[in-house]
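Good morning, everyone, and thank you for making time for this. I would like to walk you slowly through one structure, so please have the sequence and the view in front of you as I talk.

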Amino acid sequence: MKPKIILIGAGNFGKNHFRNLLKLHKQKIVDFIGVVDTDQKILDEINLKYKLQTSKNHKKFIKIADAFHVVTPASTHYGLVKELLKNKKHVFVEKPLTLNSKSSQELAMLAKKNKVILQVGHIFRFNSSVNLLKKIIQTKENTPYFMTGQFLQSTNPKSDVGAIFNYLHLIDILDNIIGKSPKKIFSYSNLQLNNPQREINANISVEYTKKLHANLNVGWIPTGKYRMLEIFTNKEHIKCDLLKQKVEIYRKGLLKKEIIFKHEEPLYLEIKDFLKCMKKKTVPKADGFIGTKIVKIAEIAKKSSESGKIINFV
(Lines give C-alpha, C1' and ligand atoms only; values in the text may rest on other atoms or scores of the structure.)
Protein backbone atom coordinates (compact mmCIF):
# COMPACT_ATOMS: atom_id res chain seq x y z
CA MET A 1 0.00 0.00 0.00
CA LYS A 2 1.29 3.45 -0.92
CA PRO A 3 1.97 5.75 2.05
CA LYS A 4 -0.37 8.71 2.42
CA ILE A 5 1.68 11.93 2.61
CA ILE A 6 0.79 15.44 3.79
CA LEU A 7 2.96 18.49 3.15
CA ILE A 8 2.96 21.20 5.83
CA GLY A 9 4.35 24.38 4.28
CA ALA A 10 4.19 24.90 0.51
CA GLY A 11 5.89 28.29 0.22
CA ASN A 12 9.61 29.03 -0.33
CA PHE A 13 11.46 25.71 -0.08
CA GLY A 14 8.17 23.90 0.45
CA LYS A 15 7.48 24.39 -3.26
CA ASN A 16 10.32 21.98 -4.00
CA HIS A 17 8.84 19.35 -1.70
CA PHE A 18 5.48 19.91 -3.40
CA ARG A 19 6.97 19.39 -6.86
CA ASN A 20 8.80 16.22 -5.86
CA LEU A 21 5.83 14.76 -4.02
CA LEU A 22 3.70 15.35 -7.12
CA LYS A 23 6.34 13.57 -9.20
CA LEU A 24 6.36 10.60 -6.82
CA HIS A 25 2.55 10.60 -6.82
CA LYS A 26 2.49 10.40 -10.63
CA GLN A 27 5.02 7.58 -10.43
CA LYS A 28 2.56 5.80 -8.11
CA ILE A 29 5.18 5.63 -5.34
CA VAL A 30 3.21 7.72 -2.83
CA ASP A 31 -0.33 8.89 -2.29
CA PHE A 32 0.16 12.64 -1.95
CA ILE A 33 -3.20 13.57 -0.44
CA GLY A 34 -2.96 17.11 0.91
CA VAL A 35 -1.26 20.39 1.73
CA VAL A 36 -1.33 22.54 4.85
CA ASP A 37 -0.31 26.20 4.76
CA THR A 38 -1.20 29.39 6.62
CA ASP A 39 -1.31 31.36 3.35
CA GLN A 40 -4.76 31.09 1.77
CA LYS A 41 -3.40 32.29 -1.59
CA ILE A 42 -1.12 29.26 -1.80
CA LEU A 43 -4.02 26.95 -0.92
CA ASP A 44 -6.30 28.62 -3.49
CA GLU A 45 -3.71 28.12 -6.24
CA ILE A 46 -3.35 24.45 -5.33
CA ASN A 47 -7.14 23.99 -5.27
CA LEU A 48 -7.38 25.43 -8.79
CA LYS A 49 -4.71 23.22 -10.34
CA TYR A 50 -4.58 19.95 -8.40
CA LYS A 51 -6.88 17.34 -6.92
CA LEU A 52 -5.47 17.67 -3.42
CA GLN A 53 -7.05 18.39 -0.08
CA THR A 54 -5.98 21.64 1.56
CA SER A 55 -6.29 23.15 5.00
CA LYS A 56 -4.78 25.77 7.29
CA ASN A 57 -4.78 23.20 10.10
CA HIS A 58 -2.67 20.03 10.02
CA LYS A 59 -4.90 18.38 12.64
CA LYS A 60 -7.43 17.68 9.88
CA PHE A 61 -5.07 15.06 8.43
CA ILE A 62 -3.57 13.37 11.50
CA LYS A 63 -5.98 10.42 11.46
CA ILE A 64 -5.69 9.73 7.72
CA ALA A 65 -2.00 10.37 6.88
CA ASP A 66 0.93 8.01 7.35
CA ALA A 67 3.64 10.67 7.13
CA PHE A 68 4.16 14.41 7.10
CA HIS A 69 6.72 16.68 5.46
CA VAL A 70 7.31 19.70 7.72
CA VAL A 71 8.70 22.64 5.72
CA THR A 72 7.86 25.54 8.01
CA PRO A 73 9.91 28.19 9.84
CA ALA A 74 12.50 26.62 12.15
CA SER A 75 10.88 28.16 15.23
CA THR A 76 7.74 26.04 14.61
CA HIS A 77 9.51 22.69 14.18
CA TYR A 78 9.58 21.51 17.78
CA GLY A 79 5.85 21.87 18.51
CA LEU A 80 4.70 20.49 15.16
CA VAL A 81 7.07 17.55 15.02
CA LYS A 82 6.44 16.58 18.65
CA GLU A 83 2.68 16.45 18.05
CA LEU A 84 3.09 14.31 14.92
CA LEU A 85 5.53 11.90 16.57
CA LYS A 86 3.21 11.56 19.57
CA ASN A 87 0.55 10.46 17.11
CA LYS A 88 3.02 7.89 15.71
CA LYS A 89 3.41 9.55 12.32
CA HIS A 90 6.58 9.40 10.27
CA VAL A 91 8.13 12.86 9.83
CA PHE A 92 10.49 14.43 7.31
CA VAL A 93 11.38 17.85 8.76
CA GLU A 94 13.58 20.39 7.05
CA LYS A 95 16.75 21.49 8.81
CA PRO A 96 17.38 22.53 11.50
CA LEU A 97 15.53 19.91 13.53
CA THR A 98 14.86 22.53 16.24
CA LEU A 99 16.66 25.59 17.58
CA ASN A 100 18.33 23.89 20.55
CA SER A 101 19.92 20.51 21.18
CA LYS A 102 17.78 19.64 24.21
CA SER A 103 14.49 19.79 22.30
CA SER A 104 16.10 18.07 19.30
CA GLN A 105 17.23 15.18 21.50
CA GLU A 106 13.73 14.94 22.93
CA LEU A 107 12.27 14.51 19.43
CA ALA A 108 14.89 11.94 18.46
CA MET A 109 14.09 9.90 21.56
CA LEU A 110 10.33 10.21 20.98
CA ALA A 111 10.67 8.90 17.41
CA LYS A 112 12.72 5.96 18.70
CA LYS A 113 10.19 5.22 21.46
CA ASN A 114 7.23 5.28 19.06
CA LYS A 115 9.12 3.34 16.37
CA VAL A 116 8.57 5.91 13.63
CA ILE A 117 10.96 7.51 11.16
CA LEU A 118 12.26 11.00 11.88
CA GLN A 119 14.35 12.29 9.00
CA VAL A 120 15.99 15.72 9.01
CA GLY A 121 16.52 17.56 5.72
CA HIS A 122 20.30 17.56 5.58
CA ILE A 123 20.15 17.49 1.82
CA PHE A 124 23.88 17.46 1.09
CA ARG A 125 24.10 13.88 2.34
CA PHE A 126 22.48 13.13 -1.04
CA ASN A 127 24.82 15.30 -3.12
CA SER A 128 27.07 13.28 -5.46
CA SER A 129 30.01 15.67 -5.16
CA VAL A 130 29.92 15.43 -1.35
CA ASN A 131 29.86 11.64 -1.54
CA LEU A 132 32.99 11.77 -3.72
CA LEU A 133 34.78 14.06 -1.24
CA LYS A 134 34.00 11.57 1.51
CA LYS A 135 35.61 8.75 -0.46
CA ILE A 136 38.69 10.82 -1.33
CA ILE A 137 39.55 11.98 2.19
CA GLN A 138 38.94 8.60 3.80
CA THR A 139 41.95 7.15 2.00
CA LYS A 140 45.20 7.09 3.99
CA GLU A 141 47.18 8.78 1.23
CA ASN A 142 44.81 11.78 1.22
CA THR A 143 44.63 12.81 4.86
CA PRO A 144 43.03 16.29 5.15
CA TYR A 145 44.51 18.96 7.40
CA PHE A 146 42.51 22.09 6.50
CA MET A 147 39.08 22.79 5.03
CA THR A 148 37.40 26.03 4.09
CA GLY A 149 33.83 26.59 2.97
CA GLN A 150 31.39 29.29 1.91
CA PHE A 151 27.60 29.33 2.11
CA LEU A 152 26.66 32.85 1.09
CA GLN A 153 23.48 34.04 -0.60
CA SER A 154 21.74 37.28 -1.58
CA THR A 155 18.30 36.62 -0.08
CA ASN A 156 16.64 38.48 2.75
CA PRO A 157 17.66 37.28 6.25
CA LYS A 158 15.23 34.94 8.01
CA SER A 159 12.97 36.45 10.65
CA ASP A 160 13.44 33.66 13.21
CA VAL A 161 17.03 32.41 12.79
CA GLY A 162 20.45 33.84 12.04
CA ALA A 163 23.03 32.77 9.48
CA ILE A 164 24.54 30.00 11.63
CA PHE A 165 21.33 28.00 11.96
CA ASN A 166 20.05 28.85 8.50
CA TYR A 167 23.25 27.80 6.73
CA LEU A 168 24.34 24.89 8.90
CA HIS A 169 24.72 22.77 5.74
CA LEU A 170 28.51 23.13 5.90
CA ILE A 171 28.54 21.89 9.50
CA ASP A 172 26.59 18.83 8.40
CA ILE A 173 28.74 18.23 5.31
CA LEU A 174 31.90 18.17 7.44
CA ASP A 175 30.27 15.93 10.03
CA ASN A 176 29.32 13.54 7.24
CA ILE A 177 32.64 13.40 5.36
CA ILE A 178 35.01 13.58 8.35
CA GLY A 179 33.02 11.25 10.59
CA LYS A 180 34.32 12.87 13.79
CA SER A 181 32.91 15.30 16.33
CA PRO A 182 34.63 18.68 16.70
CA LYS A 183 36.81 19.40 19.72
CA LYS A 184 36.65 23.20 19.83
CA ILE A 185 34.49 25.85 18.13
CA PHE A 186 34.97 29.59 17.75
CA SER A 187 32.65 31.89 15.84
CA TYR A 188 32.62 35.59 15.05
CA SER A 189 29.96 37.85 13.53
CA ASN A 190 30.19 41.58 12.83
CA LEU A 191 26.66 42.18 11.48
CA GLN A 192 23.54 41.69 13.60
CA LEU A 193 19.77 42.15 13.44
CA ASN A 194 17.51 42.60 16.47
CA ASN A 195 14.08 41.38 17.62
CA PRO A 196 15.12 38.64 17.84
CA GLN A 197 18.88 39.15 17.86
CA ARG A 198 20.43 37.16 15.03
CA GLU A 199 23.62 37.30 13.02
CA ILE A 200 23.63 38.23 9.31
CA ASN A 201 27.01 36.64 8.78
CA ALA A 202 29.39 34.42 10.70
CA ASN A 203 32.87 33.01 10.44
CA ILE A 204 33.06 29.65 12.20
CA SER A 205 36.39 28.01 13.08
CA VAL A 206 36.26 24.35 14.03
CA GLU A 207 39.03 22.17 15.44
CA TYR A 208 38.42 18.46 14.88
CA THR A 209 41.89 17.32 15.92
CA LYS A 210 45.21 19.09 16.41
CA LYS A 211 45.92 18.20 12.78
CA LEU A 212 42.54 19.05 11.22
CA HIS A 213 40.87 22.46 11.24
CA ALA A 214 38.03 24.00 9.24
CA ASN A 215 37.02 27.60 8.57
CA LEU A 216 33.43 28.26 7.44
CA ASN A 217 31.92 31.51 6.19
CA VAL A 218 28.11 31.70 6.17
CA GLY A 219 25.52 34.41 5.74
CA TRP A 220 23.51 36.77 3.59
CA ILE A 221 25.32 39.02 1.10
CA PRO A 222 24.25 41.83 -1.29
CA THR A 223 24.65 39.81 -4.50
CA GLY A 224 25.50 36.29 -5.62
CA LYS A 225 25.16 32.73 -4.37
CA TYR A 226 28.14 30.65 -3.28
CA ARG A 227 28.23 27.02 -2.17
CA MET A 228 31.91 26.12 -2.08
CA LEU A 229 34.13 23.74 -0.16
CA GLU A 230 37.90 23.39 -0.45
CA ILE A 231 39.95 20.63 1.14
CA PHE A 232 43.72 20.60 1.56
CA THR A 233 45.29 17.19 2.09
CA ASN A 234 48.88 16.02 2.35
CA LYS A 235 48.88 15.45 -1.43
CA GLU A 236 46.02 17.37 -3.03
CA HIS A 237 44.01 20.56 -3.10
CA ILE A 238 40.36 19.72 -3.82
CA LYS A 239 37.79 22.32 -4.88
CA CYS A 240 34.09 21.52 -4.83
CA ASP A 241 31.26 23.63 -6.24
CA LEU A 242 28.28 22.19 -4.40
CA LEU A 243 25.74 23.89 -6.67
CA LYS A 244 27.21 22.59 -9.92
CA GLN A 245 28.24 19.29 -8.28
CA LYS A 246 31.71 19.82 -9.73
CA VAL A 247 34.95 18.59 -8.13
CA GLU A 248 38.43 19.75 -9.20
CA ILE A 249 41.54 17.96 -7.95
CA TYR A 250 44.90 19.79 -8.00
CA ARG A 251 48.38 18.41 -7.40
CA LYS A 252 51.40 20.70 -7.15
CA GLY A 253 49.25 23.60 -8.32
CA LEU A 254 48.10 21.86 -11.51
CA LEU A 255 44.57 20.68 -12.29
CA LYS A 256 44.81 16.91 -12.56
CA LYS A 257 41.16 15.93 -12.67
CA GLU A 258 37.71 17.50 -13.02
CA ILE A 259 34.52 15.59 -12.28
CA ILE A 260 31.09 17.05 -13.08
CA PHE A 261 28.22 14.89 -11.94
CA LYS A 262 25.09 14.49 -14.01
CA HIS A 263 22.49 16.37 -12.04
CA GLU A 264 20.13 14.19 -10.03
CA GLU A 265 18.08 16.31 -7.68
CA PRO A 266 19.26 15.63 -4.10
CA LEU A 267 15.82 16.45 -2.63
CA TYR A 268 14.17 13.79 -4.80
CA LEU A 269 16.77 11.24 -3.63
CA GLU A 270 16.28 12.39 -0.04
CA ILE A 271 12.51 11.92 -0.17
CA LYS A 272 12.90 8.49 -1.79
CA ASP A 273 15.26 7.49 1.03
CA PHE A 274 12.67 8.63 3.58
CA LEU A 275 10.06 6.43 1.88
CA LYS A 276 12.47 3.48 1.78
CA CYS A 277 13.18 3.87 5.50
CA MET A 278 9.45 3.93 6.22
CA LYS A 279 8.90 0.75 4.21
CA LYS A 280 11.91 -1.22 5.44
CA LYS A 281 12.06 0.30 8.94
CA THR A 282 15.68 1.32 8.51
CA VAL A 283 17.59 4.32 9.90
CA PRO A 284 17.76 7.43 7.65
CA LYS A 285 21.09 8.95 6.63
CA ALA A 286 20.12 11.97 8.74
CA ASP A 287 17.94 10.74 11.58
CA GLY A 288 16.91 12.67 14.69
CA PHE A 289 20.16 11.92 16.51
CA ILE A 290 22.29 13.25 13.65
CA GLY A 291 19.96 16.24 13.44
CA THR A 292 20.51 16.80 17.16
CA LYS A 293 24.30 16.68 16.79
CA ILE A 294 24.26 19.28 14.00
CA VAL A 295 21.99 21.54 16.06
CA LYS A 296 24.38 21.22 19.01
CA ILE A 297 27.37 22.29 16.90
CA ALA A 298 25.40 25.26 15.53
CA GLU A 299 24.21 26.10 19.05
CA ILE A 300 27.80 26.20 20.32
CA ALA A 301 28.89 28.32 17.34
CA LYS A 302 26.13 30.82 18.11
CA LYS A 303 27.11 30.93 21.81
CA SER A 304 30.73 31.49 20.82
CA SER A 305 29.71 34.35 18.52
CA GLU A 306 27.79 35.96 21.36
CA SER A 307 30.45 35.43 24.03
CA GLY A 308 33.61 35.86 21.94
CA LYS A 309 35.04 32.71 23.50
CA ILE A 310 36.32 29.36 22.22
CA ILE A 311 33.89 26.66 23.40
CA ASN A 312 34.58 22.93 23.76
CA PHE A 313 32.21 20.47 22.14
CA VAL A 314 31.18 17.97 24.81
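Let me begin with a pair of strands: strand 7, which covers residues 144–153, and strand 13, which covers residues 225–233, pair in the antiparallel sense, and they do so over 9 bridges. Please keep in mind throughout that this is a predicted model. As one example of that pairing, if you look for phenylalanine 151, you will find that its bridge partner in strand 13 is arginine 227.

Strand 13 also has a partner in strand 14, residues 237–241, and these two run antiparallel, joined by 5 bridges. Strand 13 and strand 14 form a hairpin, with 3 residues between them, and isoleucine 231 stands opposite isoleucine 238, which belongs to strand 14.

Isoleucine 231 leads us on to isoleucine 177, since Ile231 is among the residues that isoleucine 177 touches, together with Val130, Lys134, Ile137, Gln138, Met147 and Leu229, when residues up to four places away in sequence are not counted. Where does Ile177 stand in the largest nonpolar core? That core has 93 residues, and Ile177 and Ile204 are those with the most contacts inside it. The element that gives the most to this core is helix 8, residues 266–280, with 7 residues.

Finally, a word on cysteines. Cysteine 240 is buried, with a relative accessible area of 0%, and cysteine 277 is buried as well, at a relative accessible area of 1%. A search for disulfides over the whole structure finds 0.

Conventions:
Residues numbered from 1 in each chain as written. Predicted model: local features only at pLDDT ≥ 70, side-chain atom pairs only at ≥ 80, totals over all residues. Heavy atoms only, no water. Disulfide = S-S within 2.5 Å. Buried < 20%, exposed > 50% of the residue type's maximum accessible area, 1.4 Å probe, protein only. Core = buried A, V, L, I, M, F, W, Y, C linked by side-chain atoms within 4.5 Å. Helix = DSSP H or I, 4+ residues; strand = E, 2+ residues; numbered from the N terminus. Contact = heavy atoms within 4.5 Å. Pairing = 2+ DSSP bridges.
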